[in-house]
Amino acid sequence: MTAIRHDWTHDEISQIYHTPLLDLIYEAATIHRENKDYAEVQISSLLSIKTGGCPEDCSYCPQAARYHTDVEVHALMQVEEVIEAAQKAKSSGASRLCMGAAWREVRDNRDFDRVIEMVKAVNELDMEVCCTLGMLSEAQAQRLADAGLYAYNHNLDTSEDDYKRIITTRTYDDRLNTLHNVRKAKLTVCSGGIIGLGETVADRISMIRTLANLPQHPESVPINALVPVKGTPLADMPRVSIWDMLRMIATTRIVMPKTVVRLSAGRTEMSVTEQAMCFMAGANSIFAGEKLLTTPNPTFNQDLAMFDLLGLKPREAFKNKKQPLVEN
Ligand code: SAM
Ligand code: DTB
Ligand code: SF4
């Protein structure tokens, strides 16, 4: 069995990342196959519960108020609307609903009370509930946990050194501090990044290293390919190459062998063949449903056809609770 390590050096991860591609994929696939459930793919569905108008300046994001994008601002959804969307996602095969809000941070106000009601309601549908709401205090994380939240998504996006180039309105330490608060509340952690922001390979390796050297590996690591959106500062970035995506996924799989690695944003630009290679390289989760938060994604039916073709099956909800992982 591959050892779970938290003391990775930059050079070690760099060596893995630069392994000749087919050897890299083979090694990642081998580690992935030590897990008897390798053909199971976790399906998460995203729901933007509060859209646009965000005060932050994340240079990739169509929801930042300061950029002129086509995103329409939408106030916090009603609980009933969320339940309806969750039921639809569940009947299409999603085991997890991830609710996203274009907030810098959670505030202790009536909107948060409503999110707590949403968490309770989706949890009652026997789905894993995930939220991504920006920065959280420990007390807020605890309130979410008490309401039945399963996971919290908070991405590092890039390396610590590169962060200031991408976002100026908060720091890397703010990000790490929220992850710490999430852990203190015993929630599972979902944290990953984006490639295609103009980062260097060293930045990618450094981000993987930060995630891997946390006291506990995140239970899930989303790897997003930048979706360039008109009006954002990164609108003209070239499309990420499949080879880079494969190297990121395979390296993440090798360095964090038990983690769920999610092939996240960017799938509309990928062929089924390219996605198949990502599953081979150790990806075992996707975001499904025709929309991510504000941008398009393949439909549930397209994904089910792909699962059929590749012999993959959707993972049931709460599997880790029923069969706890040995150690992360
Ligand atoms: N506002 C909260 C925050 O920033 O944590 C939650 C929502 S935010 C949209 C969630 C994540 O979506 C970001 O951390 C980023 O990784 C990802 N994201 C946003 N825009 C993206 C884009 N254009 N392409 C790829 N990923 C994107
Ligand atoms: C993650 O890593 N990717 C998702 C989710 N976590 C919140 C978001 C992708 C957003 C892509 C751009 C959009 O649809 O607005
Ligand atoms: Fe706001 Fe999150 Fe978008 Fe940044 S990524 S602008 S915090 S919604």
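Here are legends for several close-up views of a predicted model.

**View 1. Ligand 1 and the residues around it.**
Let's start with ligand 1, which has 18 residues surrounding it. The closest of these are Tyr60, Asn155, Asp157, Arg175 and Val227. Look for the backbone of Tyr60, where an N or O atom lies 3.1 Å from a nitrogen atom of the ligand. The backbone of Ala101 does something you can compare by eye, with an N or O atom 3.2 Å from a nitrogen atom of ligand 1. On the side-chain front, a polar atom of Arg175 comes in at 2.8 Å from an oxygen atom of ligand 1. How much of ligand 1 does the protein bury? Taken alone, ligand 1 exposes 560 Å², and the protein buries 90% of that. As for the place, ligand 1 sits in the largest cavity. Sort its shell by class and you get 10 nonpolar, six polar and two charged residues.

**View 2. Ligand 2 and its shell.**
Next up is ligand 2, and the shell around it has six nonpolar, six polar and no charged residues. Leu46, Pro62, Thr132, Asn153, Asn155 and Pro222 are among the residues around this ligand. Also on the list are Asn224, Phe287, Leu292, Leu293, Thr294 and Thr295. This ligand, too, is found in the largest cavity.

**View 3. Polar atoms at ligand 2.**
Zoom in on the oxygen atoms of ligand 2. Which side chain has a polar atom 2.6 Å from an oxygen atom of ligand 2? That one belongs to Thr294. The side chain of Asn155 offers an N or O atom at 2.8 Å from an oxygen atom of the ligand. With Leu293 the backbone is what to look at, since one of its polar atoms is 3.0 Å from an oxygen atom of ligand 2. On its own, ligand 2 exposes 400 Å², of which the protein buries 89%. If Asn155 rings a bell, that's fair: Asn155 is also listed with the closest residues to ligand 1.

**View 4. Ligand 3 and Arg170.**
Now for ligand 3, which sits in the largest cavity. Around ligand 3 you'll find Cys54, Glu56, Cys58, Tyr60, Cys61, Ala64, Ala102, Trp103 and Arg170. By class, that makes seven nonpolar, no polar and two charged residues. Tyr60 turned up in View 1 as well, among the closest residues to ligand 1. Pick out Arg170, which is in the loop between α6 and α7. Is Arg170 buried or exposed? Arg170 counts as buried because its relative accessibility is 7%, and the cut-off for buried is under 20%. Arg170 and Cys58 are 112 residues apart in sequence, but their C-alpha atoms are 9.3 Å apart in space.

**View 5. Two residues with a positive phi.**
This view takes us to the backbone. Most residues other than glycine have a negative phi. Asp157 goes the other way, with a phi near 70°. You can find Asp157 in the loop between β4 (151-153) and α6 (163-166). With a relative accessible area of 3%, Asp157 is buried. Asp157 is also one of the closest residues to ligand 1. Then there's Lys186, whose phi is near 60°, again a positive value in a residue other than glycine. Lys186 lies in the loop between α7 (172-184) and β5 (188-190). Is Lys186 buried or exposed? Lys186 counts as exposed because its relative accessibility is 75%, and exposed means over 50%.

**View 6. Gln275 and its contact with Arg267.**
Here we move to helix α10 (residues 272-280), the home of Gln275. Gln275 has a relative accessibility of 4%, so this residue counts as buried. The side chain of Gln275 is joined to that of Arg267 by a polar contact of 2.9 Å.

**View 7. Arg239 in its loop.**
For the last view, find the loop between β7 (220-225) and α9 (242-255), where Arg239 is located. With a relative accessibility of 48%, Arg239 counts as partly exposed. Trace the chain between Arg239 and Leu197 and you'll see that they are 42 residues apart in sequence. In space, the C-alpha atoms of Arg239 and Leu197 are 9.9 Å apart.

How values were computed. Residues are numbered from 1 along each chain as its sequence is written. Chains are lettered from A and ligands numbered from 1 in the order in which they are written. This is a predicted model: local features need pLDDT of at least 70, side-chain atom pairs count only at pLDDT 80 or more; totals for chains, interfaces and linings use all residues. Side-chain values use heavy atoms; hydrogens and water are left out. A residue is near a molecule or strand if one of its heavy atoms lies within 4 Å of it. A polar contact is a pair of N or O atoms within 3.5 Å; within protein, one must be able to donate a hydrogen and the other to accept it, and residues adjacent in sequence count only if both atoms are side-chain atoms. Accessible areas come from the Shrake-Rupley method with a 1.4 Å probe; for residues, only the protein chains shown count as cover. On a 1 Å grid over the protein atoms alone, a cavity is a set of points where a 1.4 Å probe fits but cannot get out, and a pocket is an open set with protein on both sides within 12 Å along at least five of seven lines; lining residues have an atom within 4 Å of a point. A molecule sits in a cavity or pocket if more than half of its atoms lie within 2 Å of its grid points. Ala, Val, Leu, Ile, Met, Phe, Trp, Tyr, Cys and Pro count as nonpolar, Asp, Glu, Lys and Arg as charged, and the others, Gly among them, as polar. Helices (H or I, at least four residues) and strands (E, at least two) are DSSP runs, numbered from the N terminus. Buried means under 20% relative accessible area, exposed over 50%, partly exposed in between (1.4 Å probe, protein chains only).
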